[in-house]
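This report describes selected features of one protein chain, beginning with paired strands and proceeding to salt bridges and internal cavities. Please keep the structure in view while reading.

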Amino acid sequence: HVDAKDLRVEALSLDLSGTGAIDLGVEDAADSPLLLEFAFRDLAVRHQEDDAPMLEGDALLLGLSGSRKLDLAEGQFDFDRTITVDIATLAVPDLARFQRFVPEKWPFRFMGGEGRLGGRARLGPNALSVDLELASDHANVGVNAYRFDTNLEGTLRLENPDIRNQPTRFSGTGLRLTESRLQRDAGAVTAPWEASIEIGEGQLSLVAPAEKEAGANAFDLLRLLGQKDARALLEGSSGELDFQAAVSSLAFLDVLLPPEEPAKVRGEGQVEGRVMLSQGLPDVGTRVNIRSESLGVTVLDYLARGDGQVDLTVEEGGAFPDWRLAVRLEDGTMNRQGDGARGVEAVQLLLDVVVKDVSFESEPREFDLWFRIPSAIVPDMGLFNGYLPTDAPLSFTRGTADLVLDLRLTPDDAQGFVRLFGEGIDVALDGQEVRTDLVANLLVVGGQPLDMVFDLAGSTVAVENVLVQGTEQA
């Protein structure tokens, strides 16, 4: 046993320094390993490439073990070598210093904030066991162009007794965000919202098969970690995991959509899904399902609300994957945004969006949107008066109609139709009160959807069974 006033240990890529004690020993059994323990107090943990401390505080125990026999014979391998770290609770002065462990191609960013870290990790040549908890009352994190100020509670649990022959279990890992506020660049800040996510069943391969097979004797995780950092391991990871989540705002879906995308999804909901990872990124087979009783869907300048669901899938994987977002809304209502008047009712809405070449380092630009309303009811045709020219000789005064819509939108084109079918529609026409049956077939044969400019060439409006109800006023 040795007490040390200036204790410093380098382990993997970390530099641990402080005061503490050193203990060296071995148990009586002939095959027991040699144990070397460093009990730190007044500790600072730094990355070897950065002088700023990542962790500070007391009560960290670092244990190193290995064979007490020195055997240099060819073919021998020391399976007893382990590194164990026990942390009661250490302060995290700046969460941004943990960003070095996050793969660059992931959209998640630690931007700042203080926190606390505790738990235990044990690493061996062919095994690992990790159980760590990270918490912060005011974490500043980012996802793509969005930033969150949030309370954060995260748990990381990894378990694998035989890395070379089986994947690492990921079950029990979770994340909880509370009092979160979302901001895009310097834009508006959302109202506080909450989210929680928990990994159900999951397995992860952190090491490529070629690296597992490297070496004449056995796979050596400790040696591999000495050659590459955790970020590099995660960037090459593969696997699959099931998860469940609850979110009080679906605004996070904007991360996948370009700013100019004419569709947005809002509301709260329950989330479940499966993520298939390849080279550290979601691959084909990834799916996310969201159920919401308060789903909000904006398309162009319209807002629809109702009971519905959202499905997310990866259509094509790789560094720049294609994502598909499918929305189904049942028995909803739809209004022009900012218009408090009675809108369209009994709306059945289908929205299908493919966003191509999603990059979390730059904004995606290409999208293909299919917007359909198989059925809806317009309870008051007066709703459409706002679309008529101010000097139009007619206006709708009463009547209901059925609405059907089918539009395909891309950044530079629009194709489809909008159809209205109504019987007994009251129309004011140059001072005359007219009742008529109406069939409007509005063809969309081009346009610039982002500018709300559409080519309606070939559109027709047919009236039948016209009945003049009044006389022309002088």
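Two strands are said to pair if DSSP finds at least two bridges between them. The model discussed here is predicted.

**Paired strands**

Strands S18 and S19 run antiparallel and are joined by 11 bridges. Within this pairing, Thr298 stands opposite Leu303 of S19. The two strands form a hairpin with two residues between them, and Leu300 in that hairpin adopts a positive phi near 55°.

Strand S19 also pairs with strand S20 (residues 322–336), in the antiparallel sense and over 13 bridges. Here Asp311 faces a partner in S20, namely Ala326, which stands opposite. The hairpin of S19 and S20 has five residues between the strands, and Gly318 in the turn has a positive phi of about 105°. In a regular strand, side chains alternate between the two faces of the sheet.

**Salt bridges**

Side chains of opposite charge can pair when their charged atoms come close. How many salt bridges does the model contain? The count comes to 20. Three of these pairs are set out below.

| Pair | Closest N to O distance |
|---|---|
| Asp15 and Arg8 | 2.5 Å |
| Arg120 and Asp86 | 2.8 Å |
| Arg291 and Asp307 | 3.5 Å |

The salt bridge of Arg291 with Asp307 belongs to the hairpin strands described above. It links distant parts of the chain, with Arg291 in strand S18 (residues 287–299) and Asp307 in strand S19 (residues 302–316), 16 residues apart. Arg291 counts as partly exposed because its relative accessibility is 39%. Asp307 is likewise partly exposed, because its relative accessible area is 34%.

The side chains of Arg120 and Asp86 also meet in a salt bridge. This pair connects distant parts of the chain, since Arg120 lies in strand S8 (residues 115–123) and Asp86 in strand S6 (residues 82–92), 34 residues apart. The relative accessible area of Arg120 is 39%, so this residue is partly exposed. Asp86, at 26% relative accessibility, therefore counts as partly exposed.

The remaining pair in the table is that of Asp15 with Arg8. Is Asp15 buried or exposed? Its relative accessibility is 11%; the limit for a buried residue is under 20%, so Asp15 counts as buried. Arg8, by contrast, has a relative accessibility of 55% and therefore counts as exposed. Arg8 and Asp15 also belong to a network of salt bridges that includes Glu10.

**Cavities**

How many cavities of 30 Å³ or more does the structure hold? There are two. The largest cavity has a volume of about 50 Å³. Its lining consists of 12 residues, of which Ile163, Thr168, Ser205, Leu206 and Val207 lie nearest the centre of the cavity. By type, the lining of the largest cavity divides into seven nonpolar residues, four polar residues and one charged residue.

**A residue in strand S23**

Leu394 is located in strand S23 (residues 394–398). Because its relative accessibility is 32%, Leu394 counts as partly exposed. Its C-alpha atom is separated by 9.1 Å from that of Gln432, which is 38 residues apart from Leu394 along the chain.

Note on methods
Residues are numbered from 1 along each chain as its sequence is written. This is a predicted model: local features need pLDDT of at least 70, side-chain atom pairs count only at pLDDT 80 or more; totals for chains, interfaces and linings use all residues. Side-chain values use heavy atoms; hydrogens and water are left out. Helices (H or I, at least four residues) and strands (E, at least two) are DSSP runs, numbered from the N terminus. Buried means under 20% relative accessible area, exposed over 50%, partly exposed in between (1.4 Å probe, protein chains only). A salt bridge is a side-chain nitrogen of Lys or Arg within 4 Å of a carboxyl oxygen of Asp or Glu. On a 1 Å grid over the protein atoms alone, a cavity is a set of points where a 1.4 Å probe fits but cannot get out, and a pocket is an open set with protein on both sides within 12 Å along at least five of seven lines; lining residues have an atom within 4 Å of a point. Grid points are joined across faces, edges and corners, and a volume is the space filled by probe spheres set on the points. Ala, Val, Leu, Ile, Met, Phe, Trp, Tyr, Cys and Pro count as nonpolar, Asp, Glu, Lys and Arg as charged, and the others, Gly among them, as polar.
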